[in-house]
Amino acid sequence: MRATKRVADGTSRAFSRSVNGDGVPCGRAEFRSAAVRMSGAVFGFSQTAGAAEPHFVTVESPEWELVLAENPTRENAAELSLGRIPDGWNSKEITFDSAHRLNLTQATGFPLQARQSAILTARIVAPEDGVVPASAGADYYFEFFREGKSYVSTLEHGNGGTPISADDRPFSFPVKKGVNRVALLVQAGSGGWECAIRFPEPNAAALRRFSRTAEVLQAFPPAPKLRYGPWITHPQAGGVFIHFTSEGPMAAAVDFRKNGEESWTRRYELWNGYLRRDTDRHSISLQGLESATDYQFRIVFFPKDESLSGWLPQHPKFEVAAPAVYSFRAMPALQDPVTFFAMSDTHMPGLSRLEMLRGYDRAWRFETADFFVHLGDISNTLDNFDDEVLGGFAEYFCRRNRVTPLCVVHGNHEYAGGEAGLWNPGFSAPDGKSYYAFRCGPAFFLVLAYWGIEPDATNLHELDREQELWAEAMLKSEAARSASFRIILNHCPPGGDRADDVTDPTARLLARLNQVAPIDLFLAGHVHEYRRTVLCGTTVVILDGGRSAEELNLTAVRVTPEQLTVQSGKNDGNLFDSFTLSARAIP
Ligand SMILES: [Fe+2]
């Protein structure tokens, strides 16, 4: 099975910082965009934008030609997009089907061979200077050029999943009024050779993805509406963080109460005491919660108006509450059992990921866990964060307005993609760090983003060093020492792929941390193959990963003051691994 995987993850520690990869809209953004004023707004936007940039324009679908050459290169594609055709090369007209797709094995007549290349060229006629929104997908790699310059490439990571669609990878490119030459290089995967491309009319969802500039805000003014979420993170004893996004930047608050109570308590989104109104990505902390108690909450927006003041004593009177009331259960008391489910490396397009989650949910019933852990690499790349990660993962954990809290670990693929920075407001600790600690029930959790990077030209190793010093201090805390079990969650496993190499940097970290306090369990992902070993006295479990439900697994962990039970299985609910650890006293 493993040899056939086309998305092999790091068997080395090399980080991928490419912006290449896939991103499949989940349909929700399209749906939501319909709620935004559409007719006229787009054209008014295009015509009144003046010198501000970017200035989006709509273009007709062009006529494409297939270049008849065996295995052309990306340099050829760049040249062809400048109108330079090598001697002896010809082309023929081709047509995409109604889903904007083209089968290149049929179109070229060449036998399928992995990384076999073809180039399509077209002349795009633009009504004026501006930027054209586009999106494309390929089985399995593509790169798009205009006038000799590359604007998007998935040559390194590929599409991230099949079947492909023209919505897989949104991008944009500039055009001049009149004729613009473009070229699309498509390389085959091992199982197919196809591409799909389209130039959608600008809409609010697409434009927000391409640009967060003032011009987009002007065309689509912020509205007091929920866009994505809510989702909940940092499931610690006594508190959680509630996240959501709005239709444009605006101030927000959360009202909450215990189930059955009449009145709400309000928590504003503050930034050093300032009522934040500069962001559409909201995170609000609820603390002082009673353990194992059901709470309700609702989201409140403060649309921009003259009365809006950042100074709380004069907080605005005009407010709009989103109509829905959500609920969640606060984490258990320190000595009460806690259960969490974990998965890792869900490298699949958003719609497939939702389908996969539904399958595992049916078998394991996610609502029976106190919280859900993702051990990193939610998506292949973060090029389309909102649709892929919020719509294609985080939102799944709000079912019938009941929210299961999440604990999300930062993986190597969370460094990849043009929107990689959006992971932070969605899942990082409140201080913006990708590592944090929390106590939940009788377990103490260290969530790390540790890679064991040696000092080099980058200063990434400083993050590792910072984490280690912090982790040592955390393990000396009362919360850690009084816990029955200490658990590390880190994307990269200690001991390498087989979790048995004691010279591996993460294994050496584990050995050092074990001298501070015994680490009972280390959960990791990254290598996409399930393993259980004991390393430096710690039980290490590496979860499966891959591009289909069958390649993944779910690991359920239940912690009581006396024992920690781990069960791993697939989406049929049958277990393939199960074990129990007993609590160890700290000397
Ligand atoms: Fe991965």
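Is Ala 292 buried or exposed, or does this residue fall in between, as partly exposed? It's partly exposed, since 15 other C-beta atoms sit within 10 Å. The close-ups below all come from a predicted model.

**View 1. Ala 292, a non-glycine residue with a positive phi.** Here we're looking at the loop between strand S16 (281–286) and strand S17 (294–302), where Ala 292 is found. Its phi is about 50°, even though Ala 292 is not a glycine. For background, most residues other than glycine have a negative phi. The burial count puts Ala 292 in the partly exposed class, because 15 other C-beta atoms lie within 10 Å.

**View 2. Glu 147, with a positive phi in the loop between S5 and S6.** Glu 147 isn't a glycine either, yet phi is positive here at about 45°. The residue belongs to the loop that runs between S5 and strand S6 (149–153). Glu 147 counts as partly exposed because there are 16 C-beta neighbours inside 10 Å.

**View 3. Two cis peptide bonds, at Asp 139–Tyr 140 and Gly 229–Pro 230.** As a reminder, most peptide bonds are trans. In this model, Asp 139 and Tyr 140 are joined by a cis bond with omega of about 20°. Tyr 140 is part of strand S5 (residues 130–146). Gly 229 and Pro 230 are also linked by a cis bond, and omega there is about 5°. Pro 230 has its place in strand S10 (residues 223–236).

**View 4. Helices H10 and H12, packed roughly parallel.** Helix H10 (residues 461–475) meets helix H12 (residues 505–516) at an angle of about 25°, and their axes are 9 Å apart. That angle is why H10 is described as roughly parallel to H12. The crossing of the two helices is right-handed. On the H10 side, the contact is made by Glu 468, Ala 471, Glu 472 and Leu 475, while H12 brings Leu 509, Leu 513 and Val 516. Sorted by class, the contact has 5 nonpolar, no polar and 2 charged residues.

**View 5. The largest nonpolar core, with its 106 residues.** Which residues touch the most other members of this core? They're Phe 445, Val 447, Leu 489 and Leu 523. Zoom in on Val 447: leaving aside neighbours within four places in sequence, Val 447 is in contact with Cys 407, Val 409, Tyr 435, Tyr 436, Ala 437 and Leu 489. There's also a second, separate core of 40 residues, and Phe 142, Phe 144, Trp 193 and Cys 195 are among them. As a general rule, nonpolar side chains in soluble globular proteins tend to be buried together.

**View 6. Met 250, a buried loop residue.** Met 250 sits in the loop between strand S11 (239–247) and strand S12 (251–258). This residue is buried, because 23 other C-beta atoms lie within 10 Å. Try following the C-alpha of Met 250 across to the C-alpha of Pro 224: the two atoms are separated by 7.7 Å, although the residues are 26 apart along the chain.

**View 7. Glu 319 and what it touches.** You'll find Glu 319 in the loop between S17 and strand S18 (320–321). Glu 319 is partly exposed, because 16 other C-beta atoms are within 10 Å. If you skip residues up to four places away in sequence, Glu 319 touches Val 300, Phe 301 and Phe 302. Across the view is Ala 253, which is 66 residues from Glu 319 in sequence but 9.7 Å away in space, C-alpha to C-alpha.

**View 8. Arg 558 in strand S31.** Arg 558 is a strand residue, in S31 (residues 554–559). With 18 other C-beta atoms within 10 Å, Arg 558 is partly exposed. Which residues does Arg 558 touch, not counting residues up to four places away in sequence? They're Pro 337, Thr 339 and Thr 565. Phe 341 is 217 residues from Arg 558 in sequence, and the C-alpha to C-alpha distance is 8.8 Å.

**Overview. The whole protein chain, to place the close-ups.** The chain has 12 helices and 33 strands. Of its 587 residues, 49% are buried. Take the contacts between residues at least 6 apart in sequence: 76% of them join residues at least 24 apart.

Conventions
Residues numbered from 1 in each chain as written. Predicted model: local features only at pLDDT ≥ 70, side-chain atom pairs only at ≥ 80, totals over all residues. Helix = DSSP H or I, 4+ residues; strand = E, 2+ residues; numbered from the N terminus. Buried ≥ 20, exposed ≤ 12 C-beta atoms within 10 Å, placed from the backbone. Contact = placed C-beta atoms within 7 Å. Axes fitted to C-alpha atoms, helices over the stretch in contact; angles between N-to-C directions. Parallel < 35°, antiparallel > 145°, perpendicular 65-115°, else oblique. Left-handed = near helix turned anticlockwise from the far one by under 90°. Nonpolar A, V, L, I, M, F, W, Y, C, P; charged D, E, K, R; others polar. Core = buried A, V, L, I, M, F, W, Y, C linked by C-beta atoms within 7 Å.
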